[in-house]
Structures are given as structure tokens and as C-alpha cells.
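Visitor: I have a model on screen and want to learn how to read its rings and its empty space. Where do we begin?

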Amino acid sequence: MSELQAQIATLKKTADPAVADAIARLIRTGEDYELNRVNVLEFARTNHLDEEQAISGFLHASRLGLFDLTWNVLCPGCSGVLDAHDTLKSLRSDDYHCGLCACGYEPSVDEQVEVAFTVSPQVRRIAAHDPNTLPLWEYYKQVFWSSGIDLDRSTFAALTEEVALDALELPAGERAVLSVQLPPQFIIAFEPVTHSAHFIDVQGEPTKERQQLSLIYNKSHPPTGSITMRPGPLRLSLDNQAGVRTLPTVFIAAEGLHAMLGKRRPFLTAKRMLSNQTFRDVFKADNLDIDQRLKITSLTFLFTDLKGSTALYERVGDLAAFDLVRAHFRALLGIIASEKGAVVKTIGDAVMATFVKPEHAIAAGLRMRAAMDDLNVERGTQDLVVKIGIHEGPCLAVMLNERQDYFGQTVNIAARVQGLATSRSIHATGGVVEEPAVSAILKERSIRPIQKEAALRGIADKVLVYEIP
């Protein structure tokens, strides 16, 4: 058995067999570009696979050395990759700058950090392992733009035929001249390797005189510049001092470019990865550094606690109570993972979990409540009653007690909301219950939430809370 066959056989033991088979086919028969920065959500869609199982499969495949996992910081404007990291620890919290959009961004892990998978060079060598050998437009497609840009064949044709006036490959240390005819539009002379750009505002009366512009490319990421020119001929002199091949490109910044960059598709975000149970279980070494803080603009927290657990131990004895509590944890943790959530930690009989979307947390909470009812019926008791609180909002991903955790007022409110519960009713804040997807779940189950305002310890103002009976 070859090493690849052995790795695939091992993968089938840890991942869903259908996912493992699809990954094996991709490695063996996929085109080179299909194995570079794999968009797992698109992979799941085209192979008719469950997204969570596909994510889990690629995580296990990476653990086995089949793929390399990367965290790519994206420009929210053009979806260009501003920086690529092999580990979560390398992500910076300071600003990243996009030359094409001439904007700086403080990255959040919601939609600005893409998680992608590239086949390991030890498994199969592909062109993107040496990006300096990629043809110009393949470099844009496979290296500069993220997997969230939907560059199908028609879009790609428009890029090369309508959006770009001219482009060339310029070897290190060489000079070249581009002669272009400037239309009366906004022009961007962009270079994706050094992420540098020069903007040309073409306006006024057309001229037949040749206009001149000189650009130097180097590794210092020169600041974006701008100039006003007239419609007509331009002699663009280029000097590559970057030490690597550069790819100067002249774009027309008009509707064609905007339409192309606007064609997006879902991709695996760092926020979703951090709320994935397989990642938390398998990639514990790829946690944040102790001083690292990652901004998340929206995350849903679910807290649970077992009602009257102290009295339960007193009533049924330690051994029976332990079995009940263990069965309760087993049910809750399984539900959290199946609803696209992840357990952050357990404290005594309590659970803290995160979900990317509020509707996943609500669905999990309702299933948890039903699961406790089933366990009580099965054991002929009414001992298992779980109090549940749900809240959504901004937070920071941090390291606490050697564990990837979360910090901020959102976390505090979620814990306090759980404290409002005194029975099997779920308590959730207004922003959660008023989400259309959450409202649809409650309506489908004929559940009418009860609105109230609650004073939460440590929170100055009263908070709108719904009790979900």
C-alpha cells in the first residue's frame, strides 16, 4: 500500500466515508487549480456533501499531512488576499492595506479571514506551490483573489478581454514599456505581487500627444499614488526592483471590474472555524498566542446549567447523579456539534458554546430541552432540567487558561441571561429572537416567545429578553 493509500485509509476512519472518498478523488484527478486554496463550502456543494462533515474531513486530512491549512486575510472590497498565514498565531490585529482599493482595514475574523486548504507538495506537486511560475491571470485567480470570488469561465474571459487594457510579466531586475490608449474613465495600474497601485483619473479633452508615466516596483510596498491625465496615448515605463517577477496590469475601474468583484460565493471563515468542534478538538496546538486578540463582530453564545444539581446529588447519591450528569453532557455536546456549534468549556454542570448564527443556537437549545425530556422519560425521573440562555453580539477571541476562549460584554450578558432561567424555558435576548431565521423556527413549532425586560447584574440598562416556553 502506498503512503497516500494509507493516509486515505486512515482518513476514512476519522472522517465521513463519502467525504474521504471525495477528497481522495480530488487529490488523484483534480486539476492543479482545484487543489489550491480549496473552498470547502463550494467543494461540499458540488459533491453533494454536508458542509460540517466536509469541514471536518479537510481538518482531519490536514492533520494527516494531505493538505496544508492557511488563514488568509482578505480585503472586504475586492476580496484580494492581503496576507496568508500558516497558523492562527500569525494573524495580526493591526491594519492591513489593500493597494487595489486604496484602503486600510482592521481585520475581523467574520468575513475578512478565509480558511482554505492546499494539497501538500509531498502528496502532489501543483503549479501554485511555485506561484512565480503561474501565468499572469492564473496568479490573479489562484493567489491574489480569494476563493470567495466566483471566477467562472465567462467572468474570467471578461477580466482578460474587457476589464484589463494591458498586462505583462516583468522578470526581476528588468524594465519594460506599455503603450496604452487611455479611455475617459478611471484607470488603475495595479501590481498584485507587491500590492502596489497607481490611480489615473482620465478626464478632459482627448489628446494625440503621448503622455508619460514611470512606475518602480519594489518590496517596500510603495504608497498608492494618483494622477490626472487626458484621454489618449500613454507610455507607461515600468522598472522591476522587487527581486521577484511582477505582474503590472492596467485595469479600467468601471462597471465591468465592479461586477466581476461583486460575484461572490460563500467561503469558510475563521469565525466559523473557531466555532467548529473538530477544529477545537484536533487543532489544539493552533490556538491563539497568549497576548493575541482577534475581533469578531458577531458571534452567538449559548450557556447551559443543570438546575438543582446539588440537590440531585443529595437525593439520588453520587454514583447515580454522576451517571445522569454524564448522560446530560453526552446529549448536549452531541447536539452542539450537530448544530454547527462548538463547546468552549464546561464548568461544573454548565456548558459554554458558540454558534456562527443565532438560528443554530436556538435549534440547539430546543433540541437540548427535548433531549432532557427524553432522558427523564427513559429513566423514569424528572431530575434533568437544563437552564439555557442565548445572546449574540461582538466579542474578542482570546487565550484564557491555555484555552481558546472569548471575552467581552456579549459573553457576560449571555451568562447573565442564562441565570434568568428557572425552569426548562429558554431565555434569549431580543436581537436573537427577532432574527428572521429564528422567528421562522419558532413559528414553525408554534412557539410564542414571551417578551420582558430584565435587569442583569453588572449591566447598567435593562435588557430586552424573551422567554421561550
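**Rings, charges and a pocket**

Guide: This is a predicted model. Begin with the aromatic rings: the count comes to 14 aromatic pairs. One of them joins Y140 and F144, edge-to-face, at 5.9 Å centre to centre with 80° between the planes.

Visitor: Where do Y140 and F144 lie in the chain?

Guide: Both are in helix α5, four residues apart, about one turn of the helix.

Visitor: Why does Y140 count as buried?

Guide: Buried means under 20% relative accessible area. Y140 has 0% relative accessibility, so it counts as buried. F144 is buried too, with a relative accessible area of 1%.

Visitor: Which parts of the chain does the pair of F301 and Y406 link?

Guide: F301 and Y406 pair edge-to-face, 5.5 Å centre to centre, with 75° between the planes. The pair links distant parts: F301 sits in strand β14 and Y406 in strand β18, 105 residues apart. Both F301 and Y406 are buried.

Visitor: Which residues form one aromatic cluster?

Guide: W137, Y140, F144, W145, F190 and F251.

Visitor: Which rings have a charged end over them?

Guide: The charged end of R63 sits over the ring of F283, 5.1 Å from its centre. That of K141 sits over the ring of Y33, at 4.7 Å.

Visitor: Now the empty space. What is the volume of the largest pocket?

Guide: Rolling a water-sized probe over the atoms shows where empty space is left. Here the largest pocket has a volume of about 750 Å³. It is lined by 25 residues, with Y33, E34, E42, K141 and R265 nearest its centre. The lining divides into nine nonpolar, eight polar and eight charged residues. Helices α3, α5 and α6 each supply at least two of them.

Note on methods:
Residues are numbered from 1 along each chain as its sequence is written. This is a predicted model: local features need pLDDT of at least 70, side-chain atom pairs count only at pLDDT 80 or more; totals for chains, interfaces and linings use all residues. Side-chain values use heavy atoms; hydrogens and water are left out. On a 1 Å grid over the protein atoms alone, a cavity is a set of points where a 1.4 Å probe fits but cannot get out, and a pocket is an open set with protein on both sides within 12 Å along at least five of seven lines; lining residues have an atom within 4 Å of a point. Grid points are joined across faces, edges and corners, and a volume is the space filled by probe spheres set on the points. Helices (H or I, at least four residues) and strands (E, at least two) are DSSP runs, numbered from the N terminus. Ala, Val, Leu, Ile, Met, Phe, Trp, Tyr, Cys and Pro count as nonpolar, Asp, Glu, Lys and Arg as charged, and the others, Gly among them, as polar. Rings of Phe, Tyr and Trp (its six-membered ring) pair if their centres lie within 6.5 Å; planes under 30 degrees apart count as stacked, over 60 as edge-to-face and the rest as tilted. Buried means under 20% relative accessible area, exposed over 50%, partly exposed in between (1.4 Å probe, protein chains only). A charge sits over a ring if NZ of Lys or CZ of Arg is within 6 Å of the ring centre and within 35 degrees of the ring normal.
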